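Take a look at the model below. The walk-through starts at a metal site and works outward to the whole chain.

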Amino acid sequence: MNKWFIFNFLLLVLAVWQITERTQLPIIPIHIAFGAAGMFLFLFNWTRHAVFSTIRNTTNKQTKIKLANMSKKIVPYHRWIGTTALILISIHATLVINLFGPDFENMKLLSGLLAGAVLGAMVISGWLRLIWPSVTKRMVHIWLGITLFFLIAIHLIM
Ligand code: HEM
Ligand code: HEM
């Protein structure tokens, strides 16, 4: 199994743990619900990296074909899932700033803003990649994803 499947699962566990710590379940404040929904959509798209890496590295032909077919079915939704993640996170940020004010000493807020900016770049690089594909844009799209993964982890821990 590719290591990214495990990393993604750990990020999911971290998010669920932080949300249960910060809220009185089953009631989830709306600003956190938007953050969580955006995070799940990010993780859904990011799992593509784990799937592609597995396709590249596996020697089992059956697994390669199965994953490639599954991946093909998701292609048309990928762009809209990524764009929706950005919209949900923008609502999350707006609600949070309305609640706590623009407190730039709050590390949770700062780490969130950084993650939000990289998510914006991720979505832009995705659309550029779709319209004018190039190897550089592919690498930019993947490296922004890796950076974003760790920024979200930092945002959750803060
Ligand atoms: C990719 C971008 C982002 C993701 C995936 C995300 C996700 C989350 C999640 C799941 C939570 C609830 C769990 C926790 O408190 O650790 C949260 C909380 C929070 N986020 Fe974000 N967020 C993102 C961007 C932002 C941005 C842009 C801001 C800036 C305004 C922000 C500010 C906050 C704050 C202040 C909290 C704490 C809320 C509270 O304690 O009630 N986040 N975020
Ligand atoms: C949360 C946001 C996003 C994440 C985490 C994400 C992640 C990924 C990953 C991991 C891949 C596979 C990388 C590879 O080529 O090996 C990929 C491919 C791609 N992404 Fe994104 N992406 C996001 C948003 C978008 C958006 C908004 C678009 C807009 C069009 C987009 C367009 C593409 C295209 C065209 C490909 C290559 C074709 C394909 O195999 O689907 N991405 N993305």
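The iron atom of ligand 2 takes two donors from the protein, His78 (NE2) and His141 (NE2). They lie 2.0 to 2.1 Å from the iron in this predicted model. His78 sits in helix H3 (residues 61–100), while His141 sits in helix H5 (residues 135–157). The two are 63 residues apart, and the pair links distant parts of the chain.

What is the geometry here? Around the iron atom of ligand 2, 6 donor atoms subtend angles of 85 to 179°, so the arrangement is octahedral. For six octahedral donors the ideal angles are 90 or 180 degrees. His141 has a relative accessibility of 13%. The cut-off for buried is under 20%, so His141 counts as buried.

Now turn to the other iron. The iron atom of ligand 1 has His92 (NE2) and His155 (NE2) as its protein donors, 2.1 Å away. This site is octahedral too, with angles of 88 to 179° among its 6 donor atoms. His92 belongs to helix H3 and His155 to helix H5, so this pair ties together parts of the chain that are 63 residues apart in sequence. Both histidines, His92 and His155, are buried.

Next, follow the surroundings of His141. One residue touching His141 is Ser125. Ser125 is part of helix H4 (residues 107–131). Is Ser125 buried or exposed? Its relative accessibility is 8%, so Ser125 counts as buried. Leaving aside residues up to four places away in sequence, Ser125 touches Val140, His141 and Leu144.

Helix H5 also holds Leu156. Leu156 has a relative accessible area of 12% and is therefore buried. Which residues does Leu156 touch, not counting those up to four places away in sequence? They are Leu11, Leu14, Ala15, Gln18, Met39 and Lys108. Another pairing brings in Ala36. Ala36 and Leu156 are 120 residues apart in sequence, yet their C-alpha atoms are 10 Å apart in space.

Step back to the whole fold. The protein chain has 5 helices and 0 strands. From the N terminus on, the order is α-α-α-α-α. The radius of gyration is 17 Å, close to the 15 Å that the globule rule gives for 158 residues, so the chain is as compact as a globular protein of that length. Along its principal axes, the C-alpha trace spans about 50 × 35 × 25 Å.

Contacts across the sequence tell a related story. Consider contacts in the protein chain with a separation of 6 or more: 77% of them join residues 24 or more positions apart. Of the 158 residues, 39% count as buried. The chain exposes about 10000 Å², and carbon and sulfur atoms supply 74% of that area.

Finally, compare the model with the record. The unreviewed UniProt entry annotates residues 28–46, 80–101, 107–128 and 140–157 as "transmembrane region". How much of the 80–101 span is helix? The model makes residues 80–101 95% helix and 0% strand. The end C-alpha atoms of that span are 30 Å apart. Residues 107–128 are 100% helix and 0% strand, with 32 Å between the end C-alpha atoms.

Note on methods:
Residues are numbered from 1 along each chain as its sequence is written. Chains are lettered from A and ligands numbered from 1 in the order in which they are written. This is a predicted model: local features need pLDDT of at least 70, side-chain atom pairs count only at pLDDT 80 or more; totals for chains, interfaces and linings use all residues. Side-chain values use heavy atoms; hydrogens and water are left out. Helices (H or I, at least four residues) and strands (E, at least two) are DSSP runs, numbered from the N terminus. The radius of gyration is taken over C-alpha atoms; the globule rule is 2.2 Å times the number of residues to the power 0.38. Buried means under 20% relative accessible area, exposed over 50%, partly exposed in between (1.4 Å probe, protein chains only). Contact means heavy atoms within 4.5 Å. Accessible areas come from the Shrake-Rupley method with a 1.4 Å probe; for residues, only the protein chains shown count as cover. Donors are N, O and S atoms within 2.8 Å of the metal (3.2 Å for Na, K and Ca); water is not among the atoms, so sites may look incomplete. Four donors count as tetrahedral if all angles lie between 85 and 135 degrees; four count as square planar and six as octahedral if opposite donors are over 155 degrees apart and all others between 65 and 115; anything else is irregular. UniProt positions are given in the numbering used here, feature names are shortened, and annotations may be inferred rather than shown by experiment.
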